[in-house]
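Work through the exercises below with the sequence and the model open. Try each task before reading its solution.

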Amino acid sequence: MITAALPRRPQLRFTALGFGAAPGGNLFRAIDDDTFAAAVDSAWNAGVRYFDTAPHYGLGLSERRLGAALRGRPRDSYLVSTKVGRLLVPAPGAAPGRDPEGFDVPATHRRVWDFSRDGVRRSLEASLRRSGLDHFDVVYLHDPDEHWAQAVTEALPALIELRDQGVIGAVGAGMNQSPMLARFVRETDVDLVMCAGRYTLLDQRAAHDLLPAAQQHGVGVVVAGVYNSGVLATDQPPQDATYDYGPAPAEILRRARHIAAICAEHGVTLPEAALAFVRGHPAVVSTVVGLRSPAEVGEAARRAAAAVPDTLWPALHAAGLIQPAT
């Protein structure tokens, strides 16, 4: 599988397709340990060598499962990223209910925002214990939208210190927006950022701010949410398709179906085009797709390997559906 080196940390090479481990935290519905382990095995066999997780995903379940699934493989042969900013604190009281934030797990812990220096170190130490890994290659600040000041004065300096000591490989921020990520790129010493849902066939806001800044400053971009939570994930978007984790508005559904029709004229599917569009930008080092089973891995690998003709992009632009290719 094609790899790309992180401009500021060229020793870190990212596969074009990254394994998003949020489903390993039982995102939306539960899976068992064996199914997730088989998904990781399938991804490995397909050449995937970049895996992303976070404490937020299933209250630590994703980190535990991912670490167990990777155990036994040469540690220098793959990259793992996790995130800091949410501490998992035991929830006292009676028998727990279910986690209220979209993961089908018992609510044994609650998430507490903490971008302090101490909070970052405690979070990272807990992630290492859960995963059983000896280090993380990348650590992102996770959704610091409402915490800019503390993130840049405490959390990020703590991560940079660990990076400069060789404890972690690279530091960045991961968010569902592009303006603040662009600020991180322009104003701080991040190596990369993860942008979810803001550079896709339907939403190219990151093309105005984040991607030009990343190119200018030599910062890598990992794109997540490439299917905008579902509407771009099938050849023909259904009526009940989701967009940014809610029902797709009528105009979004119309545009997605228009894009799908033009893709079909060029011999490709909508999901194949969605992946190809993202990886075509020179600032993008990897595209992370959430995966929960061997079948999903196989489908993602096939889509990522599909040949997409260069004539597709001018056609989509001429129809007013995407911005001109960079």
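Buried means under 20% relative accessible area, exposed means over 50%, and partly exposed lies in between. The model used here is predicted.

**Exercise 1. Place T15 in the structure.**
Task: Find the element that holds T15, decide whether T15 is buried or exposed, and list what T15 is in contact with.

Solution.
Step 1. T15 is part of strand β2, which covers residues 9-15.
Step 2. The relative accessibility of T15 is 2%. The cut-off for buried is under 20%, so T15 counts as buried.
Step 3. Leaving aside neighbours within four places in sequence, T15 is in contact with M1, I2, T3, G47, V48, R49, Y50, V285 and S286.
Step 4. One of these contacts can be described by atoms: the side chain of T15 reaches the backbone nitrogen of Y50 at 3.4 Å.
Step 5. For a residue further along the chain, take G197: T15 and G197 are 182 residues apart in sequence, and their C-alpha atoms are 19 Å apart in space.

**Exercise 2. Describe D52 and R130 by their polar contacts.**
Task: Which side chain makes a polar contact with the side chain of D52, and which with that of R130?

Solution.
Step 1. D52 lies in strand β4, residues 50-52. Its relative accessible area is 3%, so D52 is buried.
Step 2. The side chain of D52 makes a polar contact with the side chain of S81, at 2.6 Å.
Step 3. Not counting residues up to four places away in sequence, D52 touches S81 and also F19, G20, A21, Y57, K83, Y140, M194 and V288.
Step 4. R130 is found in helix α3, residues 117-131. The side chain of R130 makes a polar contact with the side chain of E63, at 2.7 Å.
Step 5. With residues up to four places away again left out, R130 touches P55, G60, E63, R64, L88 and S123.

**Exercise 3. Follow T35 towards the other end of its contacts.**
Task: Classify T35 by its accessible area and name the residues that T35 touches.

Solution.
Step 1. T35 lies in helix α1, residues 33-45.
Step 2. The relative accessible area of T35 is 26%, so T35 is partly exposed.
Step 3. Apart from residues up to four places away in sequence, T35 touches R292, S293 and P294.
Step 4. The C-alpha atoms of T35 and E296 are separated by 11 Å, while the two residues are 261 places apart along the chain.

**Exercise 4. Analyse salt bridges.**
Task: How many salt bridges are there, and where do the partners of the D33 and R65 pair lie?

Solution.
Step 1. Side chains of opposite charge can pair when their charged atoms come close. The count comes to 26 salt bridges.
Step 2. D33 forms a salt bridge with R65, with the closest N and O atoms 2.7 Å apart. D33 lies in helix α1 and R65 in helix α2 (residues 61-70), so the pair ties together parts that are 32 residues apart in sequence.
Step 3. D33 is partly exposed, at 48% relative accessibility, whereas R65 is buried, at 10%.
Step 4. R111 forms a salt bridge with D99, the closest N and O atoms being 2.8 Å apart. R111 is in strand β7 (residues 109-113) and D99 in the loop between β6 (86-90) and β7, twelve residues apart.
Step 5. R111 counts as buried at 16% relative accessibility, and D99 counts as buried at 7%.
Step 6. D203 forms a salt bridge with R205, and the closest N and O atoms are 2.5 Å apart. D203 is buried at 4% relative accessibility, while R205 is partly exposed at 46%.
Step 7. Salt bridges that share partners join R8, R9, R163, D164, D189 and D191 into one network.

**Exercise 5. Describe the largest pocket.**
Task: Which residues are closest to the centre of the largest pocket, and which element gives the most to its lining?

Solution.
Step 1. The volume of the largest pocket is about 1200 Å³.
Step 2. The pocket is lined by 44 residues, and L27, F28, S229, Y245 and G290 are the closest to its centre.
Step 3. The elements giving two or more residues to the lining are β9 (170-175), β10 (192-196), β14 (284-290) and α9 (294-305). α9 gives the most, with four residues.
Step 4. By class, the lining has 21 nonpolar, twelve polar and eleven charged residues.

Note on methods: Residues numbered from 1 in each chain as written. Predicted model: local features only at pLDDT ≥ 70, side-chain atom pairs only at ≥ 80, totals over all residues. Heavy atoms only, no water. Buried < 20%, exposed > 50% of the residue type's maximum accessible area, 1.4 Å probe, protein only. Polar contact = N/O pair within 3.5 Å; in protein donor to acceptor, adjacent residues only side chain to side chain. Contact = heavy atoms within 4.5 Å. 1 Å grid on protein atoms, 1.4 Å probe; cavity = no way out; pocket = protein on both sides within 12 Å on 5 of 7 lines; lining within 4 Å. Points joined across faces, edges and corners; volume = space filled by probe spheres on them. Nonpolar A, V, L, I, M, F, W, Y, C, P; charged D, E, K, R; others polar. Salt bridge = Lys/Arg side-chain N within 4 Å of Asp/Glu carboxyl O.
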